[in-house]
There are 2 protein chains.
Amino acid sequence: MSAATPPAIQDFYPDDAARCYGCGRLNPEGLGLQTRWDGDETLTLFTPQAYHTALPGFVYGGLLASLIDCHATGTAAAASERAAGRDIGAAAAPRFVTAALNVAYLRPTPLGCELEIRGRVTTSSERKTVVAVTLAARGEVTVRGEVVVVRLPAAPAARAD
Amino acid sequence: MSAATPPAIQDFYPDDAARCYGCGRLNPEGLGLQTRWDGDETLTLFTPQAYHTALPGFVYGGLLASLIDCHATGTAAAASERAAGRDIGAAAAPRFVTAALNVAYLRPTPLGCELEIRGRVTTSSERKTVVAVTLAARGEVTVRGEVVVVRLPAAPAARAD
């Protein structure tokens, strides 16, 4: 990462909300996903391990679903902050959790390269936020996701006081 | 497991189709899921590790999606064998892969207990099979899934000859 890498939303989750296996900075066994702005989209980069295989040479679908899941919750948090006029890191980040995860596997995703997961909020209300996600390998979109997320009350942050 | 435990479909995938991170018997780093008949339903039992956390005390949604994914492909394989009049283990098992994975998180799934993942084929054709899945913790269904899977050509088995 260069010094110019923008901040990741997961670095600003309250500690109680930062233990997720997919994206918690406080989970040493986890995947450590990090979601940043890239213009008007959010971007998570991840290179699967060789053992994250489905059929030989291709990435396991459950891992791909996991990448889409955490990327969507991170995207909702980042977008919520932007809508409030705040940059990532200006305050503790809100935490969203997943209500529904819909994943379409368009073609096999090759192992052995970095994956680009990109997201955009498509609808947002007090009650729920919908995030559209693409996952690409070597420039080709291999998986699409639509994820419904809901915002957690701020209690965990308050408990950290 | 008692001596009366019925056979798992994953033990009869051809070697080339048995390296899946979720359910491949030849993936030592994987989750090792095993799917068996339990009457007219299929059943996979799995106890998450403590690090498979979402918010503290609850299971990571990406893992739950993974359990549903592999359980559905195993269910489709088991049902295909049963429809052909064969018990699990009477022949090499067919291998199905996921085209679409739809998961509804009804309520948080507690960590610290065994999860019961149950499946049923709801529609089946030459082109695709749809599997309905429930995931329960301590007797309560916490997650529902609907998974569209497609059957792989038998080429990997032929190559193993």
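Which residue in β6(A) is the bridge partner of Thr98(A)? It's Val149(A), and that pairing is one small piece of a two-chain model that we can walk through here. This is a predicted model, where local features need pLDDT of at least 70, side-chain atom pairs count only at pLDDT 80 or more, and totals for chains, interfaces and linings use all residues. Residues are numbered from 1 along each chain as its sequence is written, while chains are lettered from A and ligands numbered from 1 in the order in which they are written.

**Chain A at a glance**

- Chain A has two helices and six strands; helices (H or I, at least four residues) and strands (E, at least two) are DSSP runs, numbered from the N terminus.
- Starting at the N terminus, the order of elements in chain A is β-β-α-β-β-β-β-α.
- The radius of gyration of chain A is 15 Å, which agrees with the value near 15 Å for a compact globule of 161 residues. That figure is taken over C-alpha atoms, and the globule rule is 2.2 Å times the number of residues to the power 0.38.
- Along the principal axes, the C-alpha atoms of chain A fill a box of roughly 50 × 30 × 30 Å.
- Of the 161 residues in chain A, 45% are buried. Here a residue is buried if 20 or more other C-beta atoms lie within 10 Å of its own, exposed if 12 or fewer, and partly exposed in between, with C-beta atoms placed from the backbone.
- Take the contacts in chain A between residues at least 6 apart in sequence: 66% of them join residues at least 24 apart. Two residues are in contact if their C-beta atoms, placed from the backbone, lie within 7 Å.

**The α1 helices**

- Helix α1 of chain A covers residues 61-83, and its end C-alpha atoms are 32 Å apart, in agreement with the 33 Å that its 23 residues should span at 1.5 Å a residue. The expected span is 1.5 Å times one less than the number of residues in the helix.
- α1(A) is mostly covered, with 20 of its 23 residues buried.
- Just after α1(A) comes Gly85(A), with a positive phi of about 85°.
- Over in chain B, α1(B) is largely enclosed by the rest of the structure, because 20 of its 23 residues are buried.
- Gly85(B) follows α1(B) and has a positive phi, near 85°.

**Strands side by side**

- Within chain A, β3(A) and strand β6 (residues 140-151) run antiparallel to each other and pair over nine bridges. Strands count as paired if DSSP finds at least two bridges between them.
- β3(A), which spans residues 96-105, also pairs across the chains: it meets β3(B) in the antiparallel sense over five bridges.
- In that cross-chain pairing, Val103(A) has Leu101(B) as its bridge partner, and Leu101(A) stands opposite Val103(B).

**Where the chains meet**

- On the chain B side, 31 residues are in contact with 31 residues of chain A.
- α1 (61-83) and β3 (96-105) of chain B each supply at least two residues of the side that touches chain A.
- β3(B) gives the most to that side, with eight residues.
- Sorted by class, the side of chain B that touches chain A has 17 nonpolar, 10 polar and four charged residues. Ala, Val, Leu, Ile, Met, Phe, Trp, Tyr, Cys and Pro count as nonpolar, Asp, Glu, Lys and Arg as charged, and the others, Gly among them, as polar.

**How the copies are related**

- A turn of 180° and a shift of 0.0 Å along the axis lay chain B on chain A with an RMSD of 0.0 Å. The two copies are thus related as by a two-fold rotation axis.
- The same surface serves both copies, as 100% of the contact residues of chain B recur in chain A.
- Among the residues of chain B, Asn102(B) comes closest to the rotation axis, at 2.2 Å (C-alpha). The superposition is by least squares on the C-alpha atoms of residues with pLDDT of at least 70 in both copies.

**A loop residue to look at**

- Most residues other than glycine have a negative phi.
- Arg138(A) has a positive phi, near 50°, and lies in the loop between β5 (129-137) and β6 of chain A.
- Arg138(A) is exposed, with 12 other C-beta atoms within 10 Å.
- In chain B, Arg138(B) also has a positive phi near 50°, and this residue counts as exposed.
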